[in-house]
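Biologist: Before we discuss the fold, could you show me the model and explain the terms as we go?

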Amino acid sequence: MSLLIHNSLSGKKEEFVPLVPGTVSMYVCGITAYDYSHIGHARAYVAFDVIYRYLKYRGYDVTYVRNFTDIDDKIIKRANESGRDTRDLSEEFIQKYHEDMDALGILRPNVEPKATETIGEMIDLISRLFEKGYAYKAGDDVAFSVKKFSGYGKLSGKKIDELESGARVEVDDKKQDPFDFILWKAAKPGEPAWESPWGKGRPGWHIECSAMSGSILGDTIDIHGGGKDLIFPHHENEIAQSEAATGKPFVRYFIHNGFVNIDSEKMSKSTGKFFTVRDIRNQYHPEVIRVFLLSVHYRSPVDFSEKNLRDSGEALNRLYSTKARIFETESNAAENRQGGSAPKEIEDAVSAFTEGFAEAMDDDFNTALALGKLFDLSHLFNRFLDGQKDVPENERVSLVAAWETISGALDVLGILSRDPDTYFSEVKGLRLTDSALDAGDIERLIAERNAARKAKDFARADSIREELTEKGVILEDGPDGTTWKMK
RNA sequence: GGCGGCAUCGCCAAGUGGUAAGGCAAAGGUCUGCAAAACCUUUAUCCCCGGUUCAAAUCCGGGUGCCGCCUCCA
């Protein structure tokens, strides 16, 4: 069975064949570190996290690189506003980025290069472009001549002539062509600068990715990813620089993720419709955020809304409830019972899931479908478990081993790895922060209610239930007492 | 103006030409002192109009609507 990946270069799904069998080189554009990460970043990096995990799950030896842009106009501007050093500022937001991404369960890539630590490689690359006639001095800056590179536009489908007739073209007399872009920017007084053959300055934005990916992963990489908005001009320019310099194909498969929308429109700071990962994390469990993000195919837009997050939360609760029930069977199963295999229907269900999961993921990382398969499995477990109620305790079966055979697949999605109790109490904690209640109050009311129930004072018991329901607390009376959760 | 994407049940969403996954919500039932959870049952012919085909949500053409890129952006 082969893995299909939608390649932006062709606009089609293609069979994935890495350059070197068994290994994958993957580069994903990281952030410019000058502000908190937003939910759009979360979407992109969760998407590529799952891609990374799945490639490993499939047995590839993956080298994953994701960079940090730690020097650029926005960083300088922001640093100046607060009278800070650009380095301090970028380091702070790199750290905050790591906190946010770690919380979302996003694995750290193998290498996270920073632009400021790759200046030498960038200068080398620009020098090669000069030698080959693609770079030229544009005033004090250095620019890349787009017209010299015949493949320009092959990713975005844009033609230089058509671009020029477009409405918004930046006027810059120093450039030979409006779409030429800056490789090296001359330093202005007070700006951070590095020595170069073209005078003191700093790199243009596009050159860093070419330099980092080339120096770490080689001239041709298997996968290059980023948000759809990077297709033009960023990735188009990267291709131009890298291929002009090496004469080799830069990227075999370009993967681009869709946006996070709010009210069906692209989230953006200017409209004020904007959410940071940090704010969202205070309200929703990180796994809920993952489920939300993974319930839509990575290339489609996903609409961020409270309702959608809540729905995802309910869905995850259901999955964790199943997991909890499965783990309870461990203690219910008689100790002297022969361990070993789960009932055939469960084994069949588990292997059907494993197959279905791989099929879904092989089809351009269809996480939404994969999630659907997981619900089917959960359904089957629950049905079996309900049947077990009629079985004498010493004959009940432990299903834990069967569940654990799917842990590899769950790890790819990055969900359901927590102990269910831990998960539910973490969720409770988040909801509680939002309300005026604390766990102690709730426990006290539950105790009071149970005393009333014992005394058959059901009126009193019901009024306590009602009181808690109004506050969003749901009680569940089980054989081992009463548990509660937040709605 | 150029290029690209999308339109599937109340909401979210998958869907590889053969007759519509899944989640949320809702309704009825089992269970429960009452509930909750779980289980069982119920709910779509896929924006419109043409065409190709034995057969189309899936392919082609034409509409309509929404969105994105072309400017820093995941």
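The conversation below takes up a sheet and then a helix.

Modeller: This is a predicted model, in which local features need pLDDT of at least 70, side-chain atom pairs count only at pLDDT 80 or more, and totals for chains, interfaces and linings use all residues. Residues are numbered from 1 along each chain as its sequence is written.

Biologist: What makes β5 and β8 edge strands?

Modeller: The open sheet has the order β5-β6-β7-β8 with antiparallel pairing, and β5 (135–138) and β8 (201–203) each pair on one side only. Strands are DSSP runs of E with at least two residues.

Biologist: How do you know that β7 pairs with β6 and with β8?

Modeller: Two strands pair if DSSP finds at least two bridges between them. Three bridges join β6 (residues 141–144) to β7, with A143 opposite I182, and β7 (residues 181–186) also shares three bridges with β8, where W184 stands opposite P203; both pairs therefore meet the definition.

Biologist: Why is β7 called mostly covered?

Modeller: Five of its six residues are buried, where buried means under 20% relative accessible area with a 1.4 Å probe and protein chains only.

Biologist: What puts the buried residues of α12 on the same side?

Modeller: The buried residues of α12 (367–388) include L371, L374, F381 and L385. They cover an arc of only 165 degrees around the axis, taken from the directions from the axis to the C-beta atoms, and therefore lie on the same side of α12.

Biologist: Which helices do the buried residues of α12 pack against?

Modeller: Among them are α1 (39–57), α10 (306–332) and α11 (344–362), contact meaning heavy atoms within 4.5 Å.

Key:
Chains are lettered from A and ligands numbered from 1 in the order in which they are written. Side-chain values use heavy atoms; hydrogens and water are left out. Helices (H or I, at least four residues) and strands (E, at least two) are DSSP runs, numbered from the N terminus. The expected span of a helix is 1.5 Å times one less than its number of residues. Buried means under 20% relative accessible area, exposed over 50%, partly exposed in between (1.4 Å probe, protein chains only).
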